[in-house]
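Subject: Structure handover

Hello,

Here is the structure I promised to pass on. My notes follow it.

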Amino acid sequence: MKKIIAMLMALLMLGCVAIAEEAPVVEAKSEGVMTYAEYAAAAMDAEVVVECYVQATQSWWDNKITVYAADQEGAYFIYNMACSEEDAAKLVPGTKIKVTGYKGAWAEEVEIMDGSFEFVEGGIAYIAEPVDLTAVLGTEELISYQNQLAVFKGMTVKAIEYKNGEPGDDIYVTLTYGDADYAFCVERYLTGPETEVYAAVGELKAGDVVDVTGFVYWYNGINTHITAVAAAQ
């Protein structure tokens, strides 16, 4: 009996460890760096200093790069951050950076503008898992997840339209869930014509039911930048 109890206790302890490991470890911020909550509460046009992890980047150009970033508590869209071409190549997913810039908004998309950055050595290489936001589509809660990587399940394709009318530029995707339509986008500077997701979205037809993953960008309403699409499970 004692052996059985000991085995059960060991299993319970392992279960507790497994549960604890599922929650991301929230790293302490360096001195002078905002928590995500402090960043979210900051006024527009205020200077902000954040530490975050690269999740994806748009194409580098003219010594600037746009970064999709996150920490364990939220996400950031860093627009046209100053960056050399050499450093741009190092901004791979999971890389930790410290960004100084100004909080701004364009068409309701909250972002960090006029930013500069430095690499942060040590720590973990954090990659965010997509959060399922299907249930909050059409609610006021949705915007609180702005810029996070998310998945939307069981979406019905209503329309696919190429910017400028032909492949090579952005793809505008209208998806329906329930009785409402939602605007999604394949951003060519993020996932261009050479990527699998660009080709996959281009092959979708009206009526297809899909699960869509992407960054919850905002353009006068949700305008998720798609990073993956698959037939609904």
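Y39 is buried, at 3% relative accessibility. The model is predicted, so please read every value here as computed from it. Y36 is buried as well, with a relative accessible area of 17%; the cut-off for buried is under 20%. Both tyrosines belong to helix α2, which covers residues 36–41. They are three residues apart there, so about one helical turn separates them.

Aromatic pairs

A search of the whole structure gives 11 aromatic pairs. Y36 and Y39 make one of them: the ring centres are 6.0 Å apart and the planes meet at 45°, so this pair is tilted. Why tilted? An angle under 30 degrees would count as stacked and one over 60 as edge-to-face, and 45° falls in neither range.

F152 and F184 form another pair, and this one is edge-to-face. Their centres are 5.5 Å apart, with 90° between the planes. The pair links distant parts of the chain. F152 is in strand β7 (residues 149–162), F184 is in strand β9, and 32 residues separate them. F152 is buried, with a relative accessible area of 0%. F184 is buried too, at 1%.

There is also a cluster: ring pairs link Y68, F77, F215 and Y217.

Strands around β9

Strand β9 has two partners worth tracing on the model. With β8 it pairs in the antiparallel sense, over seven bridges. T176 has D181 of β9 as its bridge partner. The hairpin of β8 and β9 has two residues between the strands. In that hairpin, G178 takes a positive phi near 65°.

With β11, strand β9 runs parallel, and three bridges join the two. Here A183 has N223 of β11 as its bridge partner.

A231 in β11

Strand β11 also holds A231. Is A231 buried or exposed? It is exposed: its relative accessible area is 51%, and the cut-off is over 50%. Leaving aside residues up to four places away in sequence, A231 touches V209, V210 and D211. A231 and G154 are 77 residues apart in sequence, yet their C-alpha atoms are 8.5 Å apart in space.

The largest pocket

How much space lies in the largest pocket? The volume is about 610 Å³. The lining has 28 residues, and W106, D170, E187, Y217 and H225 are the closest to the centre. Five elements each give two or more residues to this lining: β2 (64–70), β3 (75–82), β8 (171–177), β9 (180–186) and β11 (223–231). By class, the pocket lining has 14 nonpolar, seven polar and seven charged residues. Y217 therefore appears in two places: the ring cluster and the group closest to the pocket centre.

The cavity

The search of the whole structure finds one cavity of 30 Å³ or more. The largest cavity has a volume of about 40 Å³. Which residues line the largest cavity? They are E27, A28, K29, E51, Y53, Q72 and K96. Four residues of this lining are charged, two are nonpolar and one is polar.

Where to look

Begin with the Y36 and Y39 rings in α2. Then follow β9 to β8 and to β11. Finish at the pocket, to whose lining β8, β9 and β11 each give two or more residues.

Best wishes

Methods: Residues are numbered from 1 along each chain as its sequence is written. This is a predicted model: local features need pLDDT of at least 70, side-chain atom pairs count only at pLDDT 80 or more; totals for chains, interfaces and linings use all residues. Side-chain values use heavy atoms; hydrogens and water are left out. On a 1 Å grid over the protein atoms alone, a cavity is a set of points where a 1.4 Å probe fits but cannot get out, and a pocket is an open set with protein on both sides within 12 Å along at least five of seven lines; lining residues have an atom within 4 Å of a point. Grid points are joined across faces, edges and corners, and a volume is the space filled by probe spheres set on the points. Helices (H or I, at least four residues) and strands (E, at least two) are DSSP runs, numbered from the N terminus. Ala, Val, Leu, Ile, Met, Phe, Trp, Tyr, Cys and Pro count as nonpolar, Asp, Glu, Lys and Arg as charged, and the others, Gly among them, as polar. Buried means under 20% relative accessible area, exposed over 50%, partly exposed in between (1.4 Å probe, protein chains only). Contact means heavy atoms within 4.5 Å. Two strands pair if DSSP finds at least two bridges between them. Rings of Phe, Tyr and Trp (its six-membered ring) pair if their centres lie within 6.5 Å; planes under 30 degrees apart count as stacked, over 60 as edge-to-face and the rest as tilted.
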